[in-house]
Amino acid sequence: MKIKSDIFSEYVKNNIVNNKVIFLYGSNLGLIDLLYKKSIELLNINTNDPFNISKIDGNEFKESPFILEDNINTLNIFSERRFVLLDLSHISINKNIENVILNTVTKENDNYFLIIKAGNINSKNQLVKYFEKSSSSISTPCYEENDTKIKHDLNNLFIKHKISF
């Protein structure tokens, strides 16, 4: 499901039970990193616990695509879900990578939670399309805001606090 970045934290807090993938993508890498860290915080993920979490770098994934499925299918004896952090933000995503990810997440398995950081990919990309339509995923595009959006947000903020110029 596509969720805007400004309501991301609230949505994750209230709907995390129904989801198993967070997909962050876009040209605003700072916002992607911010939401990524916020996800880890909201899910109470101990990033230093090797029994509960797997971190997969994009280059490692590109060389050994099976590593994602192996980590997702690893049973966690200490908690309900295994957390997998997949960082694709510094590699180009090709059809092979798309297919491996889609094949892995479409299999019946509720024992994992996957957080994917991707870079600037096209809205026609198969991953974007799939995660935006999936009811068990949170897809958040992260792009720079334009002047009109900023003016609109400021205007609403002034109205909310009854400030007039």
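# Strand 4 and its neighbours

Arginine 82 sits across from tyrosine 112 of strand 4. The model is predicted: local features need pLDDT of at least 70, side-chain atom pairs count only at pLDDT 80 or more, and totals for chains, interfaces and linings use all residues. Residues are numbered from 1 along each chain as its sequence is written, and side-chain values use heavy atoms, with hydrogens and water left out.

**Exercise 1.** Find the strands that pair with strand 4 and give the sense.

*Solution.* Strands (E, at least two residues) and helices (H or I, at least four) are DSSP runs, numbered from the N terminus. Two strands pair if DSSP finds at least two bridges between them. Take strand 3, residues 82–88: seven bridges join strand 3 to strand 4, and the two run parallel. Now take strand 1, residues 21–25: four bridges link strand 1 to strand 4, again parallel. Here valine 21 faces leucine 114.

**Exercise 2.** Trace the unit that contains helix 5.

*Solution.* Start at strand 3, pass over helix 5 (residues 95–105), and end at strand 4: this is a right-handed β-α-β unit. Right-handed means that, with the strands pointing away from the viewer, the path from the first strand over the helix to the second runs clockwise.

**Exercise 3.** Is strand 4 buried or exposed?

*Solution.* Buried means under 20% relative accessible area, exposed over 50% (1.4 Å probe, protein chains only). Seven of the seven residues of strand 4 (112–118) are buried, so strand 4 is largely enclosed by the rest of the structure. Sort the side chains next. Tyr112, Leu114, Ile116 and Ala118 point one way; Phe113, Ile115 and Lys117 point the other.
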